[in-house]
Amino acid sequence: MELRQLKYFIEVARTEHMTQASEELHVAQSAVSRQITKLEEELGIKLFDRIGRNMQLTTVGEDFLKQAKIALNELQKAQAIVEEYADPTIGEIRVGLPNSIATKVLPAVISAFREKYPRITYQFMEGSNRDLKQMLIAGDLDVTFLSPVPEENEEIMPHRFFDEKLKLIVPSGHRLAKRHSVALKDLAEEKFILYPQDFDLYHLVAKSARNKGFSPEIIFQSRDFHTIQGLVGAGLGISILPEMILDGAIFKETRSIALLDQELRRSVGIITTKKRNMSPSETLFRDFLLEYFGEK
């Protein structure tokens, strides 16, 4: 099995078309077809079903694709590590970012890091906590910010930087709009606009509400925090959002109010994987973050 066979296989699986894959790879279609056939012969199993001009992964092909991506990632990472040991300041770092902290945490951090290491480059990927953890473990990310920060386990190493309060937002004409602070128990009869259930913030708010004796009546859910603010501003309900999102970005149709409940806060930090050693440039970035935030 050759490295180029894995590259060709992954591209054909992505495009589901031999011609398109060959164009993306900048090689002849016959060369791609030959390598895919050779790979299947070596493995002794069909990886694709040929349906007209389309290439559709078989069941075993889907399983092989998952492992092939991991293997290719690790091989590329090995090559990068060798290059970075000669000069750790020229590597590339793949950084994950939850949607809720991307616009506030990242710019200042990267700006400060680039002052020290201007030749290091980055790939940024946004997603939910669950998606980012999976990408890190699969080898698609080198480090990811998360909030809240999970506990250490056999696969990940967490680093908590700070805690952030959650705040209530209400329409500007709401009965609570002029209050400086509110307790969660006072919101039992309100209609909530929250995030989907695969967001950790959803479970944090829902659990806290249950502890106060009620389940929030959720009338809308959205992954986009600005959409949530817009729906609140339209008078459709209330929401609870991280202070970082609301800082300097309050819609004029809404008001933010402090929450008295101490458990309504979340930790912010990063996780790295224990499944492989970090490259020199990744280590520089992690250590910089630890110093920048002063790990708790």
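**Group meeting talk: a walk through one predicted chain**

Let me open with the surface: the protein chain exposes about 15200 Å², and carbon and sulfur atoms supply 49% of that area. Please keep in mind throughout that this is a predicted model.

Still on the whole chain, there are 296 residues, and 46% of them count as buried. The secondary structure comes to 10 helices and 12 strands. If you take the principal axes and draw a box around the C-alpha atoms, that box is roughly 70 × 50 × 35 Å. And here is a number I like for the fold: take the contacts between residues at least 6 apart in sequence, and 74% of them join residues at least 24 apart.

Now let's go to the N-terminal part. The UniProt entry, which is unreviewed, carries the annotation "domain: HTH lysR-type" over residues 1-58. In the model that span is 62% helix and 14% strand, and its end C-alpha atoms lie 19 Å apart.

Inside that stretch, let's look at how the helices pack. When two helices pack, we describe them by the angle between their axes and the distance between those axes. So how do helix 1 and helix 3 pack? Helix 1 is residues 3-15 and helix 3 is residues 29-43; the angle is about 105°, and the axes are 9 Å apart. Since 65 to 115 degrees counts as roughly perpendicular, that is the label for helix 1 against helix 3.

Who is touching whom there? From helix 1 we have Arg4, Gln5, Tyr8, Phe9 and Val12, and across from them in helix 3 are Ala31, Val32, Gln35, Ile36, Lys38, Leu39 and Glu42. By class, this contact of helix 1 with helix 3 holds seven nonpolar residues, two polar ones and three charged ones.

Helix 3 has another partner in helix 2, residues 18-25. The axes of helix 2 and helix 3 come within 8 Å and cross at roughly 110°. That again makes the pair, helix 2 and helix 3, roughly perpendicular. The residues meeting here are Met18, Thr19, Ser22 and Leu25 from helix 2, with Gln29, Val32 and Ser33 from helix 3. The class count for helix 2 with helix 3 is three nonpolar, four polar and no charged residues. If you were following the names, Val32 turned up in the contact with helix 1 and in the contact with helix 2.

Next, some backbone details. Most residues other than glycine have a negative phi, and most peptide bonds are trans. With that in mind, have a look at Glu16, in the loop between helix 1 and helix 2. Glu16 is not a glycine, yet its phi is positive, about 55°. Its relative accessibility is 40%, so Glu16 counts as partly exposed. One loop along, between helix 2 and helix 3, we find His26. His26 also is not a glycine and has a positive phi, of about 60°. Is His26 buried or exposed? At 71% relative accessibility, His26 counts as exposed.

For the peptide bonds, jump ahead to the loop between strand 5 and strand 6, where Pro148 lies. The bond from Ser147 to Pro148 is cis, with omega near 0°.

While we are in that loop, say hello to Glu152, which sits between strand 5 (143-146) and strand 6 (156-171). With 46% relative accessibility, Glu152 counts as partly exposed. Beyond four places in sequence, Glu152 touches Met157, Pro158 and Lys274. Glu152 and Leu132 are 20 residues apart along the chain, and their C-alpha atoms are separated by 15 Å.

Leu132 itself belongs to helix 6, residues 129-138. At 0% relative accessibility, Leu132 counts as buried. Its contacts beyond four places in sequence include Gly96, Leu97, Pro98, Leu141 and Phe145. From Leu132 to Ala234 we go 102 residues in sequence and 32 Å in space, C-alpha to C-alpha.

Let me end with Glu282, in helix 10, residues 280-293. Where does its side of the story get interesting? In the accessibility: the value is 2%, so Glu282 counts as buried. Which residues does Glu282 contact, leaving aside neighbours within four places in sequence? They are Lys77, Asp142 and Arg276.

That's my tour, so thanks for listening!

Methods
Residues are numbered from 1 along each chain as its sequence is written. This is a predicted model: local features need pLDDT of at least 70, side-chain atom pairs count only at pLDDT 80 or more; totals for chains, interfaces and linings use all residues. Side-chain values use heavy atoms; hydrogens and water are left out. Axes are lines fitted to C-alpha atoms, for helices over the stretch in contact, and angles run from 0 to 180 degrees between N-to-C directions. Helices (H or I, at least four residues) and strands (E, at least two) are DSSP runs, numbered from the N terminus. Angles under 35 degrees count as roughly parallel, over 145 as roughly antiparallel, 65 to 115 as roughly perpendicular and the rest as oblique. Contact means heavy atoms within 4.5 Å. Ala, Val, Leu, Ile, Met, Phe, Trp, Tyr, Cys and Pro count as nonpolar, Asp, Glu, Lys and Arg as charged, and the others, Gly among them, as polar. UniProt positions are given in the numbering used here, feature names are shortened, and annotations may be inferred rather than shown by experiment. Buried means under 20% relative accessible area, exposed over 50%, partly exposed in between (1.4 Å probe, protein chains only). Accessible areas come from the Shrake-Rupley method with a 1.4 Å probe; for residues, only the protein chains shown count as cover.
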